[in-house]
Amino acid sequence: MNLSLSESQTLLLESTQRFSAERLAPFAKERENNHAISHDTIREMGNQGLLAVNLPGELGGSEAGVVAYALAVREVAKGDASVAVTMAVTNMVGEVLLKFGTPDQHREHIPKLASGEYFGGAFGLSEPGAGSDAGALQAKAVQDGDDWVINGQKQWITTGDQAGVIVVWARTSDDGAKGITCFLVRGDAEGLTAGKPEEKMGLNASHTVSLIFENVRVPKENQ
């Protein structure tokens, strides 16, 4: 078994090491004190190919694979762990979209995640009463013509107040875990508001927030 890194894995590892040492580590304390990551930093991450490491090149991804992703996120975390959290969630949202989304959804959102045009992606699953037991979630989506209307609350959502697109789970029937549907909600959707970022023991530059959905309308094509 050959466990040596490929050329593409080595190149990404080395470029990420330089980026982390030169652009992330020197300003990590400042980000933490300010509770903020600048959008310029996110765009730099996109330019480095770090926001869609395992996604296809035709959608703006690096197409470098999971090993390269693991190596890259480790190096980013050495420089600034808050930035690594943002990177990890954005990559996860992109991969969820690629696997379960439609071609139109791929084209609409993945290039914006990959480039940093979106500040990031967010994963809207947990609720105040549904953390590890995701099947107990209570946020509801009701169909109204060509739209779905979402009402409810999400909790502990990384980048939820800054994300360009949020993957949101909501209950569409009373059939337990089988009655849950996934939606794509834009971060600037009308009726969507975010709570104040949590005061944590660390990683405060990465925002963790609650999300309130009040009659948020989602086109059926975003289901």
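The following exchange concerns a predicted model and takes up one helix, a surface patch, a loop residue and several salt bridges.

Trainee: What length does helix H1 reach from its first C-alpha to its last?

Mentor: Helix H1 covers residues 7-24 and has 18 residues. At 1.5 Å a residue, a span of 26 Å is expected. The value in the model is close to that expectation, at 24 Å.

Trainee: Which helices do the buried residues of H1 pack against?

Mentor: The buried residues of H1 include Leu12, Leu13, Phe19 and Leu24, and polar residues such as Gln9 and Ser15 are listed with them. Their packing partners are helices H2 (28-34), H3 (39-47), H4 (65-79) and H5 (81-100).

Trainee: Leu5 is found in the segment before H1; which residues form a nonpolar patch with Leu5?

Mentor: Leu5 has a relative accessible area of 38%, so it counts as partly exposed. The patch lies on the surface and has about 240 Å² of accessible area together. The residues that join Leu5 in this patch are Val66 and Val67.

Trainee: Is Asn204, in the loop between strands S6 and S7, buried or exposed?

Mentor: Leaving aside neighbours within four places in sequence, Asn204 is in contact with Glu32, His35, Ser82, Glu198 and Glu199. The relative accessible area of Asn204 is 8%. Buried means under 20%, so Asn204 is buried.

Trainee: How many salt bridges does a search of the whole structure find?

Mentor: Side chains of opposite charge can pair when their charged atoms come close. One of the pairs is Asp40 with Arg43, whose closest N and O atoms are 3.1 Å apart; both residues lie in helix H3, three residues apart. For the whole structure, the search gives a total of 13.

Trainee: Lys78 and Glu75 meet in a salt bridge; which residue of the pair is buried?

Mentor: Both residues lie in helix H4, about one turn of the helix apart. Lys78 has a relative accessible area of 57% and is therefore exposed. The corresponding value for its partner is 5%, so the buried residue is Glu75.

Trainee: How far apart in sequence are the parts that Arg217 and Asp144 tie together?

Mentor: Arg217 forms a salt bridge with Asp144, with the closest N and O atoms 2.9 Å apart. Arg217 lies in strand S7 and Asp144 in strand S2, so the pair ties together parts separated in sequence by 73 residues.

Trainee: Which residues are joined into one network by salt bridges that share partners?

Mentor: The Arg217 and Asp144 pair has partly exposed members, at 43% for Arg217 and 40% for Asp144. The network joined through shared partners consists of Glu108, Lys112, Arg186 and Asp188.

Technical notes:
Residues are numbered from 1 along each chain as its sequence is written. This is a predicted model: local features need pLDDT of at least 70, side-chain atom pairs count only at pLDDT 80 or more; totals for chains, interfaces and linings use all residues. Side-chain values use heavy atoms; hydrogens and water are left out. Helices (H or I, at least four residues) and strands (E, at least two) are DSSP runs, numbered from the N terminus. The expected span of a helix is 1.5 Å times one less than its number of residues. Buried means under 20% relative accessible area, exposed over 50%, partly exposed in between (1.4 Å probe, protein chains only). Contact means heavy atoms within 4.5 Å. Patches are made of residues with over 30% relative accessible area and no salt bridge: like charges are joined within 9 Å, nonpolar side chains (Val, Leu, Ile, Met, Phe, Trp, Tyr) within 5 Å. Accessible areas come from the Shrake-Rupley method with a 1.4 Å probe; for residues, only the protein chains shown count as cover. A salt bridge is a side-chain nitrogen of Lys or Arg within 4 Å of a carboxyl oxygen of Asp or Glu.
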